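Q: I have a new structure open and I'd like to learn how to read it. Could you walk me through it, feature by feature?

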Amino acid sequence: MEEKNQSFLGESPIGRLMLKYAVPCVISLLVGALYNIVDQIFIANADYLGSYGNAANTVVFPLTVIALAVAVMIGDGCCAFVSIHLGKGEKDKARRSVGNSVVLAVILGIVLAAIYLIFDDLLITLFGGTVSDETFRLSKEYFLYISLGIPFYMFGQALNPIIRADGNPQYMMRSMMIGAALNVVLDPIFIFVFRWGIQGAALATIIGQIVSGVIALAYLPRFSHFAIRKKYLRLKWRFIGDIVRLGFPSLCTQTATAATQIVMNNLMRKYGAATIYGSEIALSCYGLMMKIYQIAHAMFVGLASGTQPINGFNFGARQYERVKQTIQTAAKISIGISVLWFLVFRYGGGFLAALFVEEEPLYQEFAVHCFRLYMMGFFVYGLPNVTASFFQAIGSPVKSLAVSLSRQVIFLIPFALLLSAHFGMDGALGAAPVADVLAFLLAALLLKRELRGWKKKNMTA
């Protein structure tokens with residue numbers, strides 16, 4: 001197949017490029033976030049599962065996040081590498097990077113699934129699954145089936161940014177939408193008609209993930225900007241190293257999300273027991289809040305990821321003014337989205353909680369309290385996401401890593417542990433707005449210094 005060039009990334013208006021790349025990416029990630037939410041909504045409305053099923057879903061959630069972390073490390077690392085080297089006109093390096101990424105995604109997906117299946121009891125305990133015997137039993141059942149789908153899930157998620165770098169973000173958007181639609185259709189059939197319980201929810205999820213993974217696989221012979229040949233599938237440490245180096249910030253960001261979930265799950269279990277809500281409600285409510293949070297987060301990640309090929313190509317082509325214009329536009333959009341979601345969390349907590357559980361007053365009361373306290377600083381949430389992606393795209397993984405880890409690892413987890421020791425559950429929840437503001441300030445400072453350095457070096461007009 002004749003390969004096309006990507007000169008349009010250096011020529012088309014920035015706004016048009018962002019629509020082409022960012023919008024399908026946002027939709028793809030939103031659809032991906034819906035997988036777990038759909039499961040939890042149907043589980044919550046099954047009278048024979050109830051809050052135990054919700055708690056089990058929350059316990060297993062970090063499993064998916066860790067798998068996603070490894071997948072996006074491969075995909076984002078390859079996307080950044082490909083965009084930079086296509087901008088430099090080095091197509092052979094781009095081809096080899098794509099081939100190595102495909103093989104790496106398959107191998108690591110199988111390895112991670114095996115680790116999950118071998119250490120299931122240990123991982124469920126670590127994720128907070130010892131709230132009750134029933135929660136542990138349901139968590140283990142859900143964990144088993146979700147683990148079996150991990151290789152397909154990881155392959156689809158790893159290919160997503162690579163296909164985007166090839167200039168076809170709409171393809172993966174359609175792939176994710178087909179998989180999610182299957183999940184939505186199969187969930188009520190398996191849970192309410194066949195009464196397969198939490199096992200049915202897991203089966204609906206992995207069937208959707210398998211279909212999305214197969215559709216991603218079907219794209220391999222259709223790459224338009226770099227052909228996949230057998231010789232490019234041979235793993236080379238040089239290219240693996242570059243993929244991991246550039247994708248490491250994405251890995252750390254997603255791993256930090258899982259680590260935060262694990263810490264907060266255990267804090268909800270511990271300090272929830274000392275309140276009128278109890279551990280089960282505290283854990284379930286925090287879990288449902290995190291599912292809604294993932295929808296909001298997906299919009300920022302989609303925006304950031306959609307700008308990555310634009311930034312990478314233009315940085316490699318030394319068109320620095322276009323890079324500056326792209327990050328400035330993305331920053332403004334991210335702030336606007338942050339403010340809108342802050343208002344949703346502030347005033348819509350009761351409505352969002354009712355999607356999961358309607359007739360438990362304590363559940364509703366605590367859910368509203370969670371949304372208002374935990375999301376109090378969300379109006380500044382977006383900037384760190386697009387800033388981290390910007391640094392990753394221009395080949396500065398250390399700065400990207402600093403911004404990526406700032407909210408959750410550097411600020412949120414330490415403050416949650418410290419404040420919960422003094423103020424209990426509210427201290428843990430109140431750590432989030434503190435972390436949001438501090439992460440925003442760090443991202444703004446690093447971005448300002450970077451662009452000021454470009455001006456001093458005459459890298460921009």
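Q: Let's start with one residue. In which helix is phenylalanine 371 found?

A: Before we look, keep in mind that this is a predicted model. Phenylalanine 371 sits in helix α13, which covers residues 361-374.

Q: Is phenylalanine 371 buried or exposed?

A: The idea is to look at the relative accessible area, where anything under 20% counts as buried. Phenylalanine 371 has just 1%, so it is buried.

Q: Which residues does phenylalanine 371 touch?

A: Skip residues up to four places away in sequence, and you get Leu288, Met289, Ile292, Phe345, Gly349 and Leu352.

Q: How far apart are phenylalanine 371 and alanine 274?

A: There are two ways to answer that. Along the sequence they are 97 residues apart, and in space their C-alpha atoms are 20 Å apart.

Q: Now let's zoom out. How many helices and strands does the chain have?

A: You'll find 15 helices and 0 strands.

Q: What does the radius of gyration say about the chain?

A: Compare the value with what a compact globule of that length would have. For 461 residues that would be near 23 Å, and the chain has 22 Å, so the two agree. As for the box around the C-alpha atoms, it is roughly 60 × 45 × 35 Å along the principal axes.

Q: How much of the chain is buried, in terms of residues?

A: Buried residues account for 61% of the 461. On the outside, the accessible surface is about 17,500 Å², and carbon and sulfur atoms make up 66% of that.

Q: What share of the contacts joins residues 24 or more positions apart?

A: Take the contacts with a separation of 6 or more: 83% of them are between residues 24 or more positions apart.

Q: Let's try a couple of other buried spots. Where is serine 175, and what is it in contact with?

A: Serine 175 lies in helix α7, residues 169-193. Its relative accessible area is 0%, so it is buried. Apart from neighbours within four places in sequence, serine 175 is in contact with Ser212, Ile215 and Ala216.

Q: And what about glutamine 254: which helix is it in, and is it buried or exposed?

A: Helix α9, residues 237-272, is the place of glutamine 254. With 9% relative accessibility, glutamine 254 counts as buried. Its contacts, leaving out neighbours within four places in sequence, are Val65, Leu68, Ala69, Val72 and His297.

Q: On to charges. How many positive and negative charges does the chain have?

A: There are 38 positive and 25 negative charges, and their mean positions are 16 Å apart.

Q: How many salt bridges are there in the whole structure?

A: Here's the general idea: side chains of opposite charge can pair when their charged atoms come close. A search of the whole structure turns up 9 salt bridges.

Q: Which residue forms a salt bridge with lysine 399?

A: That's glutamate 450, with the closest N and O atoms 2.6 Å apart. Check how covered each partner is: lysine 399 is partly exposed at 35% relative accessibility, whereas glutamate 450 is buried at 12%.

Q: Where do glutamate 134 and arginine 137 lie?

A: Both are in helix α5 (residues 133-148), 3 residues apart, which is about one turn of the helix. Their side chains meet in a salt bridge, 2.8 Å from N to O. Glutamate 134 is partly exposed at 31%, and arginine 137 is partly exposed at 44%.

Q: What separates arginine 245 and aspartate 242 in helix α9?

A: About one helical turn, because they are 3 residues apart. Their side chains also meet in a salt bridge, at 3.8 Å from N to O.

Q: Which residues are linked in a network of salt bridges?

A: Asp92, Arg95 and Arg96 are linked that way.

Q: Last topic: backbone angles. What is phi of arginine 195?

A: It is near 55°, a positive value in a residue other than glycine. Arginine 195 lies in the loop between α7 and α8, and it is partly exposed at 48%.

Q: Where is arginine 318 found, and what is its phi?

A: Arginine 318 is in the loop between α10 and α11. Its phi is positive, about 65°, although arginine 318 is not a glycine. At 65% relative accessible area, arginine 318 is exposed.

Definitions and conventions
Residues numbered from 1 in each chain as written. Predicted model: local features only at pLDDT ≥ 70, side-chain atom pairs only at ≥ 80, totals over all residues. Heavy atoms only, no water. Helix = DSSP H or I, 4+ residues; strand = E, 2+ residues; numbered from the N terminus. Rg over C-alpha atoms; globule rule 2.2 N^0.38 Å. Buried < 20%, exposed > 50% of the residue type's maximum accessible area, 1.4 Å probe, protein only. Contact = heavy atoms within 4.5 Å. Areas by Shrake-Rupley, 256 points an atom, 1.4 Å probe, with all protein chains shown as cover. Lys, Arg positive; Asp, Glu negative; His and termini not counted. Charge placed at Lys NZ, Arg CZ, Asp CG, Glu CD. Salt bridge = Lys/Arg side-chain N within 4 Å of Asp/Glu carboxyl O.
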